[in-house]
Amino acid sequence: MSLCLQARQLACERDDRWLFEGLDLDIHSGEIVRIEGPNGSGKTTLLKILSGQLSDYHGELYWGGAPMHEVREHFLANLLYLGHAPGVKAGLTPLENLAWYQALSGEQGSESAREEALAHVGLSGFEDVPAGQLSAGQQRRIALARLTLTQRALWVLDEPFTAIDRHGVGALEAQLVAHANAGGCVLVTTHHELTASPVLRRVQLG
Amino acid sequence: MHSSNATIDAPVMSMHDPKGGLVVALNATLKRDLTLMLRRRGEVLNPLVFFALVITLFPIGISPDPELLAAIAPGLLWVAALLAALLSLDSLFRSDYEDGSLEQLLLAPQPLAALGLAKVAVHWLLTGLPLALMAPVLGIMLSLPAGSYAVLALSLAVGTASLSLIGAIGAALTVGLARGGVLLSLLVLPLYIPILIFGAGAVQAAIMGDGVMAHLAILGALLAVALMLAPWAIAASLRISING
C-alpha cells in the first residue's frame with residue numbers, strides 16, 4: 001500500500017455555514033501540505049476530518065486507494081496527529097508522558113530512546129520534572145518529541161509552532177523537511193511562514 | 001526503511017501494519033491513570049470523605065436510637081456510597097478531554113473500548129473498592145447488626161463496579177459539556193436503581209437472616225452485563241463527544 005491520503009468532494013457544515021465545499025485533496029509521499037486560511041475558516045476541522053476524528057462531513061476519504069472505513073486501523077497505525085492541545089499530562093513527567101504514547105502504539109520502547117527524543121527537542125535535564133511545572137513551550141516540545149520517537153509516515157500537525165521559540169521553530173521546520181525528504185508526508189496548519197520548505201504545497205480555505 | 005521500488009528522487013517511507021500490542025497499551029494506560037490519581041490524592045479522597053460525612057450526619061440528624069438506625073442502615077449506606085461514586089464520575093474523562101489526551105486515545109491503533117475499560121478499572125479501584133472497604137466501619141456508626149458486614153462490603157464491591165461502568169457511559173457522553181455534572185446525574189441515576197435495590201436488598205437479607213445469594217447473584221449478573229456492553233457504549237459515547 002502506498003502512502004497516499006485522498007479526499008474527494010469534502011464538505012463540512014458548521015452552524016448553517018459551509019466551512020468548505022467540494023474540496024479535492026491528494027497528499028502523497030514526500031509532500032508538505034500547508035492548510036491556510038483566516039481564523040475560523042475550518043483549518044482545524046479539516047485536519048480533524050483528515051485524521052479520521054470527525055465523522056460529521058460529506059465526501060469520501062481514501063487511504064492508499066482504499067476507502068478509509070475499510071483501512072482505518074492501518075491508517076491509524078501510520079498516523080501521528082498533534083492537536084491544538086498538546087495532549088501532555090501535567091501530573092506526569094515528560095518521560096512518563098512519552099512512555100504512554102509509545103505504549104499506545106503497542107511498543108514498550110526504551111527509556112534511553114525516550115531520553116534521546118527529549119534531548120532532541122531540548123528538554124534534557126527536565127526528564128523527571130512534572131510537565132505541569134514546565135512552560136507552555138516546553139510542554140509543546142514534549143508532544144513534539146513524539147515526532148522523533150515514533151516512526152509514522154503521515155504527520156498531521158495543528159499549529160505545531162505555537163509557543164515554540166525561534167530556535168525551536170527552525171529545528172522543527174528542518175525536521176518537517178527531513179521527514180518529507182525521507183518519503184513521509186506532513187499536513188500542517190500554521191500562521192508561521194515556512195521558509196525552509198522547498199516542497200511546500202498550499203491549500204487555501206475560506 | 002525504503003521500499004525496493006523507491007527511486008532516489010522519491011523515497012517512500014515504509015508503512016506499518018497495525019502492531020497489536022494491546023496488552024502493552026492496556027498496562028501502560030492502567031499505570032498512567034493510577035500514577036495520575038495517586039498524585040492527586042485529594043481527588044481520590046473526596047468521595048470517601050463525602051461518604052463518611054454523610055453517614056456521620058444521619059445519627060445526629062435522625063436519632064441515635066440503635067434499632068431505628070439498624071433498620072435503615074443498609075439503605076443509607078448504599079445510597080451514600082452510590083452518591084459518592086457518582087460525585088467522582090464527572091472527572092473520569094474530563095482532564096483527558098481538556099489537555100488533548102482524549103483525542104490521542106481515540107487515534108491510538110487500539111480498540112477504544114478496551115482502553116476505556118482500563119480507565120474505568122482504575123476508577124473502580126480507587127473509588128468503588130475503597131468505598132466498599134470503608135462501609136463496614138461506617139456501618140458500626142449506624143449500629144448495623146453484626147453478621148452483615150461481609151455482605152455489605154461484598155455487595156458494594158460488586159455493585160460499585162457496575163456503577164463505575166454505567167457511570168462512565170454518562171461521563172463519556174457529557175465530557176464535552178462545560179457543566180455536565182447535573183446532566184450526568186440525570187442520565188445515570190435511573191440506571192443505578194436496579195443496582196441499589198439488589199445491593200441494599202442483599203444487606204437487608206443478611207440482617208434478616210435470609211439467603212443473600214440470590215441478591216448477590218443478581219448483582220453479579222448485572223456486573224456481567226455491564227462489563228459486556230458498557231465498554232462499547234463508552235467508546236461510542238467518547239466518539240460522539242469528540243465529534244461535538
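**Salt bridges within and between chains A and B**

Asp33(B) is buried, with a relative accessible area of 7%, in this structure, which is a predicted model. Its side chain meets that of Arg32(B) in a salt bridge, with 3.0 Å from N to O, and Arg32(B) likewise counts as buried, at 5% relative accessibility. Because burial is assigned under 20% relative accessible area, the value of 7% places Asp33(B) in the buried class, and the value of 5% does so for Arg32(B).

Asp33(B) also meets Lys119(B) in a salt bridge, the N to O distance being 2.7 Å. This pair links distant parts of the chain, since Asp33(B) lies in helix 1 (residues 22-39) of chain B and Lys119(B) in helix 6 (residues 112-141) of chain B, 86 residues apart. Both Asp33(B) and Lys119(B) are buried. These residues belong to a network of salt bridges in which Arg32(B), Asp33(B) and Lys119(B) are linked with Asp96(B), Asp99(B) and, from chain A, Lys89(A).

Over all chains, the structure holds 17 salt bridges. One of them lies within chain A, where Glu36(A) pairs with Arg34(A), the closest N and O atoms being 3.4 Å apart; Glu36(A) and Arg34(A) are both buried.

The contact between the two chains draws on 49 residues from chain A and 39 residues from chain B. The size of an interface is often given as the accessible area lost when the parts come together. For chain A and chain B, the area buried between them is about 3,500 Å², of which 57% is on carbon and sulfur atoms. On the side of chain A, the residues that lose the most area to chain B are Lys89(A), Trp100(A) and Leu104(A), which together account for 21% of what that side buries. Lys89(A) is thus named both among these residues and in the network of salt bridges described above.

Four salt bridges are found across the interface of chain A and chain B, including one in which the side chains of Lys48(A) and Glu103(B) meet at 3.7 Å, N to O. Polar contacts across the interface of chain A and chain B comprise 11 residue pairs, with both residues at pLDDT 80 or more. Helix 2 (72-77), strand 6 (79-82), helix 3 (94-104) and helix 6 (166-181) of chain A each supply at least two residues of the side of chain A that touches chain B. By class, that side of chain A has 19 nonpolar, 20 polar and 10 charged residues.

Technical notes: Residues numbered from 1 in each chain as written. Chains lettered and ligands numbered in written order. Predicted model: local features only at pLDDT ≥ 70, side-chain atom pairs only at ≥ 80, totals over all residues. Heavy atoms only, no water. Contact = heavy atoms within 4.5 Å. Buried area = accessible area lost by both parts, 1.4 Å probe. Polar contact = N/O pair within 3.5 Å; in protein donor to acceptor, adjacent residues only side chain to side chain. Helix = DSSP H or I, 4+ residues; strand = E, 2+ residues; numbered from the N terminus. Nonpolar A, V, L, I, M, F, W, Y, C, P; charged D, E, K, R; others polar. Buried < 20%, exposed > 50% of the residue type's maximum accessible area, 1.4 Å probe, protein only.
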